[in-house]
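Welcome, and please open your viewer. Once the model has loaded, follow the stops below in order and select residues as you go.

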Amino acid sequence: MRYFIYFFMNRITLTIFFCLLVCSGLRGANYNHNVQGRIADKITGEPIPAKVFLLNGDSTVIDTTTAVVEDIPYQGKISMYVFNGKISQKGHYILKAVMPDYQDTYVDFELKSLRQANINVKPILMGHDYHELQEVVVKTTKIKMVMHGDTIVYNADAFNLAQGSMLDALVSRLPGAQLTKDGQIFVNGRHVQSLLINGRDFFSGNPKMALENLPSYTVNKIKVYEREGSASRLMQKNMGDQSLVMDVKLKKEYNAITFGNVEAGLGTKSRFILKGFSMKSSQKEMFFAFTNINNLNDNQKPSPQGQWMPQETPNGLLTNRTAGIGYARFFDSNMDKWLSTQNTIVHDDGDYQTLKSTEIFLPDRNLTKRM
């Protein structure tokens with residue numbers, strides 16, 4: 001009997017102990033679910049100490065914490081957050097990360113079993129928060145000219161010119177430069193003796209042809225400097241033949257290509273005009289061609305020295321037809337060796353009318369005669 005009571009008491013004790021153990025296990029399963037993960041920049045991967053909200057599936061806040069940046073051996077710096085035992089029911093939950101200058105980021109996760117002690121959520125990658133600014137206008141100022149020793153360098157793009165302007169409009173706007181009606185150029189009071197194109201002295205003397213026909217948009221820079229003459233270059237010492245030159249540097253896209261301009265007009269009494277100019281410049285050669293057809297008594301033609309050469313205005317009505325071509329081949333960079341040719345064709349038609357009026361003064365009357 002005593003043995004039976006002892007055995008019965010032991011079974012009761014074991015049962016109570018087992019129940020307590022099961023209850024303790026169930027309590028741990030219901031309330032000890034840890035949620036953890038990492039937070040980093042979406043682009044750079046840098047750890048972010050963001051504030052993290054743990055939310056129910058209906059976006060109700062359960063708890064909040066702040067991610068801590070730690071230096072983990074062999075892993076480097078990482079930003080970790082942990083929620084200890086804050087969820088007890090299976091279902092879907094939401095994590096929300098908030099950080100200044102970053103967009104709010106959401107990540108969903110699910111507690112699938114009450115036996116899950118730890119839930120490792122996928123990393124929360126946060127992107128920068130970009131704000132659209134109001135439209136602003138940025139205006140830049142270009143330097144018009146600089147000095148390199150005795151050389152003046154003008155930046156052609158720094159001058160605002162009307163569309164279709166030629167080189168003469170650009171030169172007249174250069175600080176310290178003066179352009180006369182006959183095409184003479186002066187810089188700081190000194191006469192420019194030669195106009196160069198990419199260092200080539202093809203428009204020596206009066207540069208009016210290039211000034212009136214070279215489009216300004218093709219020019220990159222203009223340099224004004226003292227250049228040694230051929231005698232100084234030959235003797236390799238100063239022979240006193242230096243001259244002031246203006247060197248027009250074309251933009252790269254206009255080197256070794258052919259460009260030009262055309263002028264045409266039609267007026268009353270059958271008046272007409274047609275002018276054309278074309279030019280090509282490269283390291284080895286230069287080429288130009290022109291035409292001038294009109295019945296306006298305009299018989300100008302450009303010369304290799306760079307000018308439209310006007311002749312004396314004739315009497316009557318003159319119809320002029322002029323065409324010309326010029327070519328130069330260079331054999332060295334200093335243009336000491338070169339070969340050129342120029343050809344011009346001219347055909348004029350004149351319509352001349354002469355009126356003569358004579359008046360004789362007599363005592364009683366005057367006699368007028370026209371023929």
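**Stop one: inside the main core**

This is a predicted model, and a good place to begin is Ile222. Select it and display what surrounds it: leaving out residues up to four places away in sequence, Ile222 touches Ile152, Val153, Tyr154, Leu167, Leu170, Leu174, Met246, Asp247 and Val248.

Now widen the selection to the core itself. The largest nonpolar core holds 34 residues, and Ile222 is among those with the most contacts inside it, along with Leu167, Leu174, Val187, Met246 and Val248. Color strand β18, residues 243-250, next: with four residues, this strand supplies the largest share of the core.

A second core, separate from that one, has 21 residues. To find it, select Val35, Tyr93, Leu95 and Ile119, which are included in it.

**Stop two: the loop before β17**

Go to the loop between α3 (208-213) and β17 (219-227), where you will find Ser216. Is Ser216 buried or exposed? It counts as buried, because its relative accessibility is 13%, below the 20% cut-off.

Show the side chain of Ser216 and look for Ser165: a polar atom of that side chain lies 3.0 Å from the backbone oxygen of Ser165. Beyond its neighbours within four places in sequence, Ser216 is in contact with Leu161, Ser165, Met166, Leu167 and Leu170. You have met Leu167 already, as one of the residues with the most contacts inside the largest core.

Stay in this loop and select Thr218, which also sits between α3 and β17. Thr218 is buried, with a relative accessible area of 0%. Setting aside neighbours within four places in sequence, its contacts are Leu250, Lys251 and Tyr254.

**Stop three: a pocket**

Which residues are closest to the centre of the second largest pocket? Select Ala156, Phe159, Leu161, Ser216 and Tyr217 to see them; the pocket is lined by 14 residues. Its volume is about 170 Å³. Color the lining by class and you should get seven nonpolar, five polar and two charged residues.

**Stop four: strand β23**

Next, select Thr341 in strand β23, residues 338-351. Thr341 counts as partly exposed, at 39% relative accessibility. Apart from neighbours within four places in sequence, Thr341 is in contact with Ile325, Gly326 and Tyr327. Add Phe287 to the selection and try a distance label: Thr341 and Phe287 are 54 residues apart in sequence, and their C-alpha atoms are 9.8 Å apart in space.

**Stop five: two serines with positive phi**

Most residues other than glycine have a negative phi. Ser59, though not a glycine, has a positive phi of about 70°. Look for Ser59 in the loop between β2 (51-56) and β3 (61-66); this serine is partly exposed, with a relative accessible area of 47%.

Then move along to Ser270, in the loop between β19 (258-266) and β20 (272-281). Ser270 has a positive phi of about 60°. It is exposed, because its relative accessible area is 57%, over the 50% cut-off.

**Last stop: the whole chain**

Zoom out and switch to a cartoon view. How many helices and strands does the chain have? There are four helices and 25 strands. Of the 371 residues in the chain, 33% are buried. Among contacts between residues at least 6 apart in sequence, 55% join residues at least 24 apart.

Terms used. Residues are numbered from 1 along each chain as its sequence is written. This is a predicted model: local features need pLDDT of at least 70, side-chain atom pairs count only at pLDDT 80 or more; totals for chains, interfaces and linings use all residues. Side-chain values use heavy atoms; hydrogens and water are left out. A nonpolar core is a set of buried Ala, Val, Leu, Ile, Met, Phe, Trp, Tyr and Cys residues joined through side-chain atoms within 4.5 Å. Buried means under 20% relative accessible area, exposed over 50%, partly exposed in between (1.4 Å probe, protein chains only). Contact means heavy atoms within 4.5 Å. A polar contact is a pair of N or O atoms within 3.5 Å; within protein, one must be able to donate a hydrogen and the other to accept it, and residues adjacent in sequence count only if both atoms are side-chain atoms. On a 1 Å grid over the protein atoms alone, a cavity is a set of points where a 1.4 Å probe fits but cannot get out, and a pocket is an open set with protein on both sides within 12 Å along at least five of seven lines; lining residues have an atom within 4 Å of a point. Grid points are joined across faces, edges and corners, and a volume is the space filled by probe spheres set on the points. Ala, Val, Leu, Ile, Met, Phe, Trp, Tyr, Cys and Pro count as nonpolar, Asp, Glu, Lys and Arg as charged, and the others, Gly among them, as polar.
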